[in-house]
Amino acid sequence: MTRPINFGAGPSALPESVLKDASDALLDFEGTGIGIAEISHRSKEFTAFVKKTETLIRTQLSVPPTHHILFTQGGGTGQFSAVVYNFLARYRLLHPNDAEPVLDYVLTGSWSKKASEEAKRLGASRVHIAADARGQSSKTFTRIPAHSEYTFSPDPALIYYCENETVDGVQFSHDASSPASFPFDRLPTNTLLPLVADYSSSFMSRSIPRLADHALIFAGAQKNVGPAGLTILIVRNDCLVDVDAAAALGAPPVPVSMAYKTIADAASLYNTPSVLALYISGLVLDRSQKLGGVEYYEQVNRRKAEKVYDALRDGEARGIYRAKVEQGSGSWMNVVFDVLGDGAEAKFIAGAEQQGMKALKGHRSVGGIRASLYNAITEEQTDHLVAYMRQFSI
């Protein structure tokens with residue numbers, strides 16, 4: 001049986017070899033005779049697997065010893081809340097007598113916007129929008145702001161950005177010379193900046209610029225790494241703070257399952273983790289390392305994205321397609337565009353499904369087409385989409 005090509009934005013495609021290995025482990029994990037969905041998360045076999053998975057991430061991303069790697073739950077949306085709580089606690093310990101701190105947010109799409117709204121909902125009264133990609137005249141996110149558009153606060157409790165916007169198809173360039181790169185040179189000059197990045201939809205797809213300068217990088221696993229249910233954190237050591245001591249000084253109390261120090265002190269096993277999701281993610285990461293790690297995927301993903309954008313531009317020239325994102329700001333992971341003409345979008349999707357390509361419909365909030373080119377989507381599968389796009393635009 002030939003499986004369809006899943007271009008879904010998440011939960012998304014997983015390597016078929018990993019799915020087969022995981023299916024075997026459902027009956028017998030590591031020779032224990034107990035299935036992975038049944039085994040104790042505190043068994044020696046599973047705790048060893050967790051440590052191995054952490055090492056796979058540390059090795060492939062060159063994570064320095066100044067940062068912990070943690071596994072938790074709640075997805076990216078859970079981290080919208082957790083980062084506010086933990087970084088307000090950190091700030092209060094560093095500045096016990098200061099007034100209400102400022103939280104800086106960079107808005108480049110739907111997810112960074114939702115994160116800033118959550119900060120306000122949790123009572124952070126001084127949320128400062130350091131940059132808004134919509135500018136003065138647009139309601140949509142179609143670009144990465146120019147470096148000159150950023151105004152960071154001098155001493156914020158938090159500086160937040162989303163590296164890749166899954167809904168809007170906008171992504172920061174990881175080429176420092178690009179005007180669409182993150183403006184590290186415009187950040188405050190304080191040491192140990194509270195820089196937080198949501199890497200949910202691009203984690204492990206290519207290298208992370210200036211990883212060591214980040215206080216926290218987080219990612220929901222259900223894009224490039226594994227199934228839904230697991231969240232991966234890379235946390236700088238100074239952000240593992242005593243949240244109860246901070247609360248005694250006036251910081252908001254932090255739910256125990258959201259406190260980074262609690263998770264770190266328990267080696268990600270304070271409570272029962274998403275055992276199956278963590279296991280499958282470990283299999284994916286092991287496969288990734290054998291293929292060559294993020295360096296391998298960076299080359300493949302660049303080629304995949306270039307092919308799709310080339311077909312999109314050719315279709316634009318014929319008046320068939322319209323890109324939703326300005327050139328230079330487009331995502332490698334989520335290519336979004338409109339198919340022009342009455343009924344053309346439905347025809348495009350129906351034709352794609354007839355050729356075995358599924359989940360190409362854009363997010364309900366923006367419509368159009370969205371082709372998600374995560375790591376598990378092969379170059380051959382991408383070529384199949386590109387050939388269809390070119391055929392449809394003739």
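**Group meeting: cores, domains and a helix pair**

Okay, so let's start in the middle: the largest nonpolar core has 57 residues, and the ones touching the most other members are L61, V106, Y161, F182, F203 and Y279. Helix α7, residues 275–291, gives this core its largest share, with 8 residues. And the core takes at least three residues from each of the two domains, domain 1 (25–289) and domain 2 (293–391). Keep in mind, by the way, that this is a predicted model.

Let's zoom in on V106. What does V106 touch, not counting residues up to four places away in sequence? You get S112, A130, A131, Y150, F152, Y160, Y161, F172 and F182. Apart from that big core there's another one, with 32 residues, including F7, V308, A352 and I377.

Now, the domains. The chain splits into domain 1 (25–289) and domain 2 (293–391), and their C-alpha centres sit 28 Å apart. In the contact you'll find 26 residues from domain 1 and 24 residues from domain 2.

Last stop, a helix pair. The axes of α8 (residues 293–317) and α10 (residues 379–392) come within 9 Å, crossing at roughly 5°. Angles under 35 degrees count as roughly parallel, so that's what we call α8 and α10. Who makes the contact? On the α8 side, V300, R303, K304, K307, V308, D310, A311, L312 and D314; on the α10 side, E379, T382, D383, L385, V386, M389 and R390. Sorted by class, this contact between α8 and α10 has 8 charged, 7 nonpolar and 1 polar residues. And V308, on the α8 side here, is the one I listed earlier in the 32-residue core.

Key
Residues are numbered from 1 along each chain as its sequence is written. This is a predicted model: local features need pLDDT of at least 70, side-chain atom pairs count only at pLDDT 80 or more; totals for chains, interfaces and linings use all residues. Side-chain values use heavy atoms; hydrogens and water are left out. A nonpolar core is a set of buried Ala, Val, Leu, Ile, Met, Phe, Trp, Tyr and Cys residues joined through side-chain atoms within 4.5 Å. Buried means under 20% relative accessible area, exposed over 50%, partly exposed in between (1.4 Å probe, protein chains only). Helices (H or I, at least four residues) and strands (E, at least two) are DSSP runs, numbered from the N terminus. Domain bounds come from an automatic or database domain assignment. Contact means heavy atoms within 4.5 Å. Axes are lines fitted to C-alpha atoms, for helices over the stretch in contact, and angles run from 0 to 180 degrees between N-to-C directions. Angles under 35 degrees count as roughly parallel, over 145 as roughly antiparallel, 65 to 115 as roughly perpendicular and the rest as oblique. Ala, Val, Leu, Ile, Met, Phe, Trp, Tyr, Cys and Pro count as nonpolar, Asp, Glu, Lys and Arg as charged, and the others, Gly among them, as polar.
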